[in-house]
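User: I would like to know what stands behind the terms used for this model. Please set each value against its definition.

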Amino acid sequence: MSISEEVEKPGDLSLLITDDARVKYPELAKRDSLELYDAVGREIRARGLFPVRGQDFQVKISANPQLSPGEKLVRKTLSVCNECRSLIRAIVLERDNKIWIRKACPDHGVMEEIYWGDAEFYYKKSMEANEGHGIENPYVDILNACPFNCGLCARHRSHTALLNLVITNRCHLGCWYCFFYAQAAGYVYEPTLNHIKFMLAAARRQKPVPAKAVQITGGEPTMRDDLIEIIRAAKELGYEHVQLNTTGITFMFKPDLARQVREAGVNTIYMSFDGVSPITNPKNHWEVPYILDVFRSVGMGAVLVPTVTKSGNLKEVGAMVRFGLKFNDVIRGVNFQPISLVGRVPRKERERLRVTIPDVIKAIEEQLDGQVRMEDWYSVPITIPISRFVEAVTGKPQFTMSNHFACGTATYVMQDRKTGRITALPQFIDVYGLSKYLEELTEYIKRGGSRKIAMFKLLYKLNSFVDWKKTPEQLRKRKRLLRIIYKIFVKHDYNALGEFHYNSLFLGMMHFMDEYNYDVARVERCDIHYVTPDGRVVPFCTFNVFPEIYRDKAQMAYSISLKDYLRMKGFTSMAAERYRRNIRKLEAGEPYRRYYEGFWDPSQLSYEEKKQISMRFGVPVVED
Amino acid sequence: MKLFGYNLDYENSYQKWSFLISHKLFKREGERYIEMEGEAVEVDDEVALHFEKIFSRYLKIAYVDILNADRADLKVSVYYLDEPAIMVHKVVWRHLDNKVTYIVYDVSSGEPPQHLEEPECRELLSVFGIPIF
Ligand code: SF4
Ligand code: SF4
């Protein structure tokens, strides 16, 4: 009798779990039942997958950080020690018109890190903070201090706005900084399709608002042969928005896969793009033009995702916006991510690399000659009055983006086709005015006012929030903008948002945290989550900041060894899966010139220099 | 058994929430429940975690929210007892026209606390001869 036949009741789960709390994954996969994935998940959590105090983390809140003369206290919070990563006390303070976080560890002393590079902007954005729904049915009991109790637990304040689903840790690149991909980690994590269904269903269980948007990620998700089935499963389970996070390189060779992905239900590709030159973007600089051409041919939208560093690509943020606008027919957005410095990064190195949200926004303003201003950016929770208003009208809990105001900001920009002038949405829509008015109407309905009258009032007043003289041509024609807003508020037709997307470029900014700037007040509101193989839902900034407790611990527990994977596949090494770049061929193609013309002149570097850049980054180069 | 009771005056503009929590602990002596006096203690990690276990589900606040709040005055009492007892925390929701609710639990039962409206709590406590406050 095989182990899988023996496992009939929960008591037998021991046959699927080793003494050191690892799953015998081949056996579990053979059995492949949703109930069993659930039962094994619960059991393995009880056996040590869930964080254990003293073993996985420490709490040391006996020391209090102090203010120095000339500093102003903004608020108190909790953070983690840079050295021992224990939970410790912290203060957020203002000095020299900047916001800092200072923390005190009883064992490792006082430490400080920049939090937001502009105090005035911080205070303005704090006015946009707003509360979401949280969750009514926590997944785990409160056993530990936050952030060592994920999750989600009863303390958590945001439901999932975007769920990340890791479907493999295999990757066709080998970026030098990544320790997560299979070759570096030494194991392969690749849940079965049914296991993935269990995970997707787990995140849909959230009340009052189930997860509605999922990002399929890796490793490199296109390395799985059953990617299309996974996308279909997400759609069937009720995910309205499915996006894929990829280097895009696979689509260059398999354009038909892009079509299938689109047809299966992926609306957007999130694609790494760190700049317009190979120096700033060694990862996929040469491939991006070809990938974007494929996306255009199948009607797929892309959001470019640059990780921004002070010494690296901060100087190119304006160019990246221009690039997005120039190819706005296929690029729907640029989502900047100021670098998160997880792991041991010495102070000097942090100072060289660190940028915060206001720094990037200022750089964009400077590099675009003031066309996208600092005041054009809003904190993500500014959208909550819209959700509340729709909620009041429909009587149904709505999706709210209630992350902490300091986590992310966004805006929309448009370019006038004739003049080339760039305009940001807040330059022609009074965002505060509209948001305040929606709050008033929501109150009116809550106090028993008629929904119909509220809608009527809104329609009557909408026009007064728009400055038509400043509205770009494409939205001014036949008052198209009003029709889009009407569809969103009156018809609750969120596809209208898509229509808006097609006429503009979304600019987003999210600063994922690291241990140096960690703020527990932020993470308890996090709305970007991961689902773990045991069925928990874990905020991004605990999953990735404490990989030894969450990401790696969970994925390793459900993995198979690299050796077993190679044997299964009949490979001798993972080299067979590795992408090799042909720089000469890529640069010779027409798309390369078409996309980069005006952004980057390839003659600035010799072939040898380019080859070195690619190889140093981790992508081998071939010549024929 | 060691137990914590909390008095908290809380105002947080992030949540637009404001409430006042007070508490009383009644221990059984023979057939009656009588109110106990606690000893004041400083907030440490045990106190903070205990707070979250009781209140986070009902009040949507964690210890970090108390630190973050515009105004938060937290006073904690500790009780040591071996006999059955009932802990009652009263919450006056200032941002909801001073609506009152109660969080009640039997300290030795291991059952999770109940979050009750005033009439239900009055009825429950009357079974034990405990007056509402
Ligand atoms: S981050 Fe959220 S889920 Fe995790 S411990 Fe904190 S409150 Fe709970
Ligand atoms: S992922 Fe990090 S930065 Fe983004 S909302 Fe969550 S806590 Fe904030």
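User: What share of the contacts in chain A join residues at least 24 apart?

Analyst: Among contacts between residues at least 6 apart in sequence, 71% do so. Contact means heavy atoms within 4.5 Å.

User: What kind of model is this, and how are residues numbered?

Analyst: The model is predicted, with pLDDT of at least 70 needed for local features and 80 or more for side-chain atom pairs, while totals for chains, interfaces and linings use all residues. Residues are numbered from 1 along each chain as its sequence is written, chains are lettered from A, and side-chain values use heavy atoms, leaving out hydrogens and water.

User: How do you know whether the size of chain A agrees with a compact globule?

Analyst: The rule is 2.2 Å times the number of residues to the power 0.38, and the radius of gyration is taken over C-alpha atoms. For 624 residues a compact globule would have a radius near 25 Å; chain A has 25 Å, so the two agree. The C-alpha trace spans about 75 × 65 × 55 Å along its principal axes.

User: What makes a residue count as buried, and what percentage of chain A is buried?

Analyst: Buried means under 20% relative accessible area, with a 1.4 Å probe and protein chains only. Of the 624 residues in chain A, 62% meet that definition.

User: Where are the domains of chain A?

Analyst: An automatic or database domain assignment sets the bounds: domain 1 is 1-246 + 530-579 and domain 2 is 253-338 + 580-624. Their contact takes 22 residues from domain 1 and 23 from domain 2.

Methods:
Buried means under 20% relative accessible area, exposed over 50%, partly exposed in between (1.4 Å probe, protein chains only).
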